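I opened this notebook to keep track of what I looked up, going from single residues to the whole chain and then to the contact between chains.

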There are 2 protein chains.
Amino acid sequence: MTLLRPPGLKPGDTVAVLCASSPVSSQEKLEAGVRALESVGLKPEVFGTARDAGSQYEYLAGTDAERAADLTRALTDPQYAAVFLACGGYGAQRTLELMDWDRIDAAAPKAVIGYSDVTALLEAVAAKLGWVSLFGPMVACSGFWQGPEEYDFKELIKLLYRPATVTELTFPGSRALVPGVAEGLTLGGTASLLAAGFGTDTSYPARDAILFLEDVDELPYRLDRIFTQLRRASYLDGVRGVILGTFTECGEPGDVETLLAERFGDLGVPVLTGVNIGHNCAMQTYPIGVQARLDTAAGTLTFLDQVLADPAQDTSG
Amino acid sequence: MTLLRPPGLKPGDTVAVLCASSPVSSQEKLEAGVRALESVGLKPEVFGTARDAGSQYEYLAGTDAERAADLTRALTDPQYAAVFLACGGYGAQRTLELMDWDRIDAAAPKAVIGYSDVTALLEAVAAKLGWVSLFGPMVACSGFWQGPEEYDFKELIKLLYRPATVTELTFPGSRALVPGVAEGLTLGGTASLLAAGFGTDTSYPARDAILFLEDVDELPYRLDRIFTQLRRASYLDGVRGVILGTFTECGEPGDVETLLAERFGDLGVPVLTGVNIGHNCAMQTYPIGVQARLDTAAGTLTFLDQVLADPAQDTSG
């Protein structure tokens, strides 16, 4: 069953821009990403964690408490219509360690958008709040800061502004590792982060899921270890279908394909590979928590429910 | 309560030498390690997995089925008095995926010796068989192949041949991160492997443990992610004390110390750091599954039970 759907956005909405993980790689890129949001009529407010250059550890944006506070404020304050993550990196799990979800549970669902390390946050949003969220581009990353004409940005904005029009994702260059059709709840994200959540209370079980996986910068043996943990931890038991995105900087592409075929080819469910979601590609936004149908022959993921609710009516006049 | 103790060894014992993970880095080193075993009167038998050069994937010794078969034979055939792992690397978890523990459970306990990736196997030996095992040097690794005068080798052989004499480990260069005395069951190993076991049926809970941790070649943010998973997965809840070994190739030593202090300093239990167990040091053998007392002021781990049973009497004559 589709999780609670946040509304889409409309021009004039104020949105939060923050970091739950590492500092942005440059303030210039962040500013360019912010201008992209402004170019479509949104009013981005940049939180302190997106300005921090690594004051506690160089790989963390602000302190754990600062990231948890920014995230809590962005999720609970109704003035923010959505929460855009500025970048990934590392640290979302430290942020989660300090989150008080009971404080947030009463808030109305809003869109939370990010990927990579933010996978841990999207899982928590599903596990703790029961909201649909978006595995999509981030403000200080290339598909965003390079400008409003970027594919990643346009696909995301189309979904946010006109959710009723996005009924399907198509994957032109994809290939069936295992052919078939399957229906389930869209889940998943960056595989290393899913595994690093095992045993925690924000991990979201993948039973009955259409499971999306991608990763970056994991040597082949590390990727193998991650996939093997997914298997051995029974995480893949009952998965209905698998969608495999980009696995760049993970060794020779041919070796990765061999590994993917070997670790996911025997599950007895449809597996589609070569999908343009993830690191280092012009990426589509993948919603987390929506009932959908995977068809490997067509190379499509069809949503059985609208991904986001229609944007709230402007009641200000 | 101390787990089931395998007996120590005596000259003339036949022992198995095999890989559960990656291929050995060189057959010459393996041979030198084998000669070290022979030099103290053991009869090492080298299994096929220790001869494989990476026939399935370059990072795996043989196929998963071959590694599981070698390990099963070594554990169950009474002619082998102990199981020496030749090296670590990656792949023990794939081996575990194919193990049929019910076949092995009836066997008498025997010493299983290795570290690094083999942590996953030692955990399984505790979880599935309830045996004490040894986090110690491996046959094709430096503390072994450099010859029988190496500290690592001598410490291991002393424990195996005269278990009654090894009542305590002392850690001369160690420092108390949190001072105190604690008693518990010795558990742990290479931290990344413990985390990679979460969610699987061979993970062994650390409640009431004296928990040893070390790691190698994990960038600071990766080490942070591992430690944060240990925390968030409630793995550290109820731990009685922590022993921290080597963390080499993990970034600046000062940064690592800061991280260790921050991630383990607030648990409310004694923490001893700078212990000579793990990668890239002249290492002592750390038994898994023995009741022991940690004293950070003395820099000692005192065993409350004998680590191994006395070597079996030679009944052949």
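**Ser234 in both chains**

I began with B:Ser234, which I note as partly exposed because its relative accessible area is 40%, a value that falls between the limits of under 20% for buried and over 50% for exposed. I keep in mind throughout that this is a predicted model. B:Ser234 sits in the loop between α9 (220-232) and β10 (241-248) of chain B, and I looked up its backbone angle as well: phi is near 65 degrees, a positive value in a residue other than glycine.

I then turned to chain A, where A:Ser234 lies in the loop between α9 (220-232) and β10 (241-248). A:Ser234 is not a glycine, yet I find a positive phi of about 65 degrees there. Its relative accessibility is 39%, so I enter A:Ser234 as partly exposed.

**Val307 of chain A**

Is A:Val307 buried or exposed? I find a relative accessible area of 0%, so A:Val307 is buried. I place this residue in the segment after β14 (300-303) of chain A. Setting aside neighbours within four places in sequence, I list its contacts as A:Arg5, A:Val132, A:Leu134, A:Leu159, A:Val166, A:Pro287 and A:Val290. I also checked A:Val307 against A:Ala126, and the two are 181 residues apart in sequence and 14 Å apart in space, taken from C-alpha to C-alpha.

**Chain A as a whole**

I count ten helices and 14 strands in the secondary structure of chain A. For 317 residues a compact globule would have a radius of gyration near 20 Å, and the 18 Å that I find for chain A agrees with this. The C-alpha trace spans about 55 × 45 × 35 Å along its principal axes, and 62% of the 317 residues count as buried. Of the contacts between residues at least 6 apart in sequence, I note that 81% join residues at least 24 apart.

For the surface of chain A, I record about 11000 Å² exposed, with 49% supplied by carbon and sulfur atoms. Its side chains include 24 positive and 41 negative ones, and the centres of the two sets lie 2 Å apart.

**Where chain A meets chain B**

How many residues of chain A are in contact with chain B? I find 35, in contact with 36 residues of chain B. About 3000 Å² is buried between the two chains, and carbon and sulfur atoms give 42% of that area. On the chain A side, A:Tyr90, A:Arg225 and A:Arg232 lose the most area to chain B, together 24% of what that side buries.

Definitions and conventions
Residues are numbered from 1 along each chain as its sequence is written. Chains are lettered from A and ligands numbered from 1 in the order in which they are written. This is a predicted model: local features need pLDDT of at least 70, side-chain atom pairs count only at pLDDT 80 or more; totals for chains, interfaces and linings use all residues. Side-chain values use heavy atoms; hydrogens and water are left out. Helices (H or I, at least four residues) and strands (E, at least two) are DSSP runs, numbered from the N terminus. The radius of gyration is taken over C-alpha atoms; the globule rule is 2.2 Å times the number of residues to the power 0.38. Buried means under 20% relative accessible area, exposed over 50%, partly exposed in between (1.4 Å probe, protein chains only). Contact means heavy atoms within 4.5 Å. Accessible areas come from the Shrake-Rupley method with a 1.4 Å probe; for residues, only the protein chains shown count as cover. Lys and Arg count as positive and Asp and Glu as negative; His and the chain ends are not counted. The place of a charge is taken as NZ of Lys, CZ of Arg, CG of Asp or CD of Glu. Buried area is the accessible area (1.4 Å probe) that two parts lose on being put together, summed over both.
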